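Here is a short tour of one protein fold, written for someone who would rather be at the bench. Please keep the structure open beside you as you read.

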Amino acid sequence: MPHTVEWKVHLYLYEDQGRTKARVELDTGDTALTGRGTARCNPEDRDIPVIGDELAAGRALSDLGQQLLRAAEHDIESEEPPAPRKPRPGYGWVV
C-alpha cells in the first residue's frame, strides 16, 4: 500500500544568557509537536558557537524523536489489542 506524506519541520536556534537554545517544531498536518534542547559552553572552554548549535539542535531533535515514539506507541495501543506472545524457540544445546 503506497503512502507518501510530507511533514514540515522548523528548527530555531538562539542564544540566551550564555546558553544556546533550540526549538524544533513538527507539523504532520494532523499533529504538531515541539522538541527542545539546550547547550552551554563550559567557561574554561573556547567559545565555538557552532558546537553549541549542534548540541542544542541534536538534543531538540532527540526530544522530538522521543515524543514521536511515544505518540506511535499510544496509537498502537489504542488501535489493536495486544497480540498474544509466541514462545521463542530455544537456541544452543539442549540440556
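## A buried alanine in the helix

Let us start with Ala 56, which lies in helix H1. Bear in mind as you look that this is a predicted model. Is Ala 56 buried or exposed? Its relative accessibility is 0%, and since buried means under 20%, Ala 56 counts as buried.

Which residues does Ala 56 touch, once those up to four places away in sequence are set aside? They are Leu 13, Thr 20, Lys 21, Ala 22, Gly 37, Thr 38 and Ala 39. Tyr 14 is another residue to look at here: it sits 42 residues from Ala 56 along the chain, while the two C-alpha atoms are separated by 9.5 Å.

## The helix as a whole

Helix H1 covers residues 49-79, which makes 31 residues. At 1.5 Å a residue H1 should span 45 Å, and its end C-alpha atoms are indeed 45 Å apart, so the expected and modelled lengths agree.

Ala 56 has company: Gly 52, Ala 57, Ala 60, Leu 64 and Gln 67 are also buried in H1. What do the buried residues of H1 pack against? Their partners are strand S1 (8-16), strand S2 (19-27) and strand S3 (32-40).

## A view from the strands

Now look from the other side, at Val 24 in strand S2. With a relative accessible area of 0%, Val 24 is buried. Leaving out residues up to four places away in sequence, Val 24 touches Val 9, His 10, Leu 11, Leu 33, Thr 34, Gly 35, Ala 60, Leu 61 and Leu 64. Among these, Ala 60 and Leu 64 are buried residues of H1.

Tyr 12 is twelve residues from Val 24 in sequence, and the C-alpha atoms of the pair are 6.2 Å apart.

## Two exposed residues

Gln 17 is found in the loop between S1 and S2. Its relative accessibility of 78% is over the 50% cut-off, so Gln 17 counts as exposed. The backbone deserves a glance as well. Most residues other than glycine have a negative phi. Gln 17 is not a glycine, yet its phi is positive, at about 50 degrees.

Met 1 belongs to the segment before S1, and it is exposed, with a relative accessible area of 96%. From Met 1 to Gln 67 there are 66 residues in sequence and 26 Å in space, C-alpha to C-alpha.

## The whole protein

In what order do the elements run from the N terminus? The order is β-β-β-α. The radius of gyration is 21 Å, well over the 12 Å that the globule rule gives for 95 residues, so the protein is more spread out than a compact globule. Its C-alpha atoms fill a box of roughly 60 × 45 × 25 Å along the principal axes.

Buried residues make up 16% of the 95 residues. The accessible surface comes to about 8600 Å², and carbon and sulfur atoms account for 53% of it. Of the contacts between residues at least 6 apart in sequence, 34% join residues at least 24 apart.

Finally, the charges: the protein carries 12 positive and 17 negative side chains, with the centres of the two sets 5 Å apart.

Note on methods. Residues numbered from 1 in each chain as written. Predicted model: local features only at pLDDT ≥ 70, side-chain atom pairs only at ≥ 80, totals over all residues. Heavy atoms only, no water. Helix = DSSP H or I, 4+ residues; strand = E, 2+ residues; numbered from the N terminus. Expected span 1.5 Å × (residues − 1). Buried < 20%, exposed > 50% of the residue type's maximum accessible area, 1.4 Å probe, protein only. Contact = heavy atoms within 4.5 Å. Rg over C-alpha atoms; globule rule 2.2 N^0.38 Å. Areas by Shrake-Rupley, 256 points an atom, 1.4 Å probe, with all protein chains shown as cover. Lys, Arg positive; Asp, Glu negative; His and termini not counted. Charge placed at Lys NZ, Arg CZ, Asp CG, Glu CD.
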